[in-house]
Amino acid sequence: MKMSKDSIDSHMIAVLHTLLTESSVSRAAKILGQSQPAVSAALRRLREMTGDPLLVRSGSRMVLTSHAASLIEPTSQALLSIDAILHPHDTFDPASSTRTFRIASPDYLDVFFVPEVIDAFRRAAPLAKLEVKHLLMIDGGYESGLENGLLDLVIGNWRTPPQHLHLHPLCEDELVCLLNSNHPISPGELTPDAYENAEHLSVTTYNAGPWGTIDIELARNGLTRTVTTTLPYFGMAPYVVARSELLFTTTRALASHYAQVLPLRVEPLPCPSAALTYYQLWHERSHRSAALRWLQRLVKEVAQKTLNKPSQRHLKQML
């Protein structure tokens with residue numbers, strides 16, 4: 001009974017390729033680490049599968065049929081393809097890559113972190129392209145963007161990041177209060193009462209109801225705030241605070257940066273606050289990609305470098 005040609009497996013392809021390249025059952029058996037009878041039996045099966053004798057005797061040696069000779073290249077390519085499937089050798093050279101990478105991040109990282117990422121990327125991969133997208137302007141959300149390949153990496157901070165995504169923590173930050181240098185509340189005098197009686201500025205970026213991260217933290221300590229002004233972007237807030245008596249509760253990294261370039265000062269929040277963790281997130285679909293692993297390392301190295309800057313030394317490294 002003839003076997004179906006569709007039933008050939010990787011082992012039989014390896015036997016066939018060795019027989020074709022060695023033109024000898026005994027040499028093929030030695031190379032394959034099998035007994036000569038076992039290889040002879042495999043040759044009989046291969047003859048049935050192909051409908052061709054493959055090896056025929058010519059005097060004292062065996063020679064390939066014309067059909068057998070035509071199978072050397074296909075069997076070689078088949079073995080290479082099987083090896084690529086079973087043992088992927090994914091490599092990536094940033095210096096020669098022309099790939100486009102896509103990162104999403106919230107705009108509160110724009111001023112002190114994203115420019116460093118871009119600079120490091122351009123130096124390491126001068127021929128590649130980098131697209132930085134606003135975290136909240138991704139159609140379907142950043143989780144969908146990672147899943148469908150529209151994004152390679154997402155950077156941000158969440159109290160509870162999605163558990164179905166891969167993540168790597170970069171650092172921890174704390175909540176502080178940013179206010180005008182000439183604010184009526186004197187340095188060191190931001191008490192709970194002063195905080196609650198002041199007017200506050202808030203950045204509203206999520207449509208998840210009135211209770212965001214900051215208000216949840218305040219509520220844990222029995223504090224509230226009166227928000228009289230809201231903005232859509234973090235980058236606008238320090239400029240508004242510098243020209244008003246509004247208080248802006250934000251991360252110390254962002255507050256410290258703007259306190260160096262605007263007439264602003266940073267005050268501790270008048271209550272204990274749990275740390276915020278910065279992460280990079282990616283999807284399982286690209287978890288084994290050498291290109292993505294390179295991008296993750298680059299972001300990690302930039303985080304280490306950025307956190308060593310004087311304005312960011314307060315951040316606790318987690319690397």
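This tour goes through two helix pairs and then one further helix, in a model that is predicted.

Begin by selecting helix α1, residues 10-22, together with helix α2, residues 25-32, whose axes come within 9 Å and cross at roughly 130°. The two helices α1 and α2 are therefore oblique to each other, and their crossing is right-handed. To see what makes this contact, show the side chains of Ala14, Val15, Thr18, Leu19 and Glu22 on α1, and those of Val25, Arg27, Ala28, Ile31 and Leu32 on α2. Sorted by class, the contact of α1 with α2 holds seven nonpolar residues, one polar residue and two charged residues.

Keep α1 on display and add helix α5, residues 72-86; the axes of α1 and α5 come within 9 Å and cross at roughly 140°. That angle makes α1 oblique to α5, and here the crossing is left-handed. On the α1 side, select Ser10, Ile13, Ala14, Leu16, His17, Leu20 and Thr21, which meet Ile72, Thr75, Ser76, Ala78, Leu79 and Ile82 of α5. The contact of α1 with α5 comprises eight nonpolar and five polar residues, with no charged ones. Ala14 is worth colouring separately, as this residue of α1 takes part in the contact with α2 and also in the contact with α5.

Finally, move to helix α6, residues 114-124, and pick out its buried residues, which are Val114, Glu116, Val117, Ala120 and Phe121. Turn the view to look down the axis of α6: the buried residues fall within an arc of 160°, so they line one face of the helix.

Key
Residues are numbered from 1 along each chain as its sequence is written. This is a predicted model: local features need pLDDT of at least 70, side-chain atom pairs count only at pLDDT 80 or more; totals for chains, interfaces and linings use all residues. Side-chain values use heavy atoms; hydrogens and water are left out. Axes are lines fitted to C-alpha atoms, for helices over the stretch in contact, and angles run from 0 to 180 degrees between N-to-C directions. Helices (H or I, at least four residues) and strands (E, at least two) are DSSP runs, numbered from the N terminus. Angles under 35 degrees count as roughly parallel, over 145 as roughly antiparallel, 65 to 115 as roughly perpendicular and the rest as oblique. A crossing is left-handed if the near helix is turned anticlockwise from the far one by less than a right angle, and right-handed if clockwise. Contact means heavy atoms within 4.5 Å. Ala, Val, Leu, Ile, Met, Phe, Trp, Tyr, Cys and Pro count as nonpolar, Asp, Glu, Lys and Arg as charged, and the others, Gly among them, as polar. Buried means under 20% relative accessible area, exposed over 50%, partly exposed in between (1.4 Å probe, protein chains only). The arc is that of the directions from the helix axis to the C-beta atoms.
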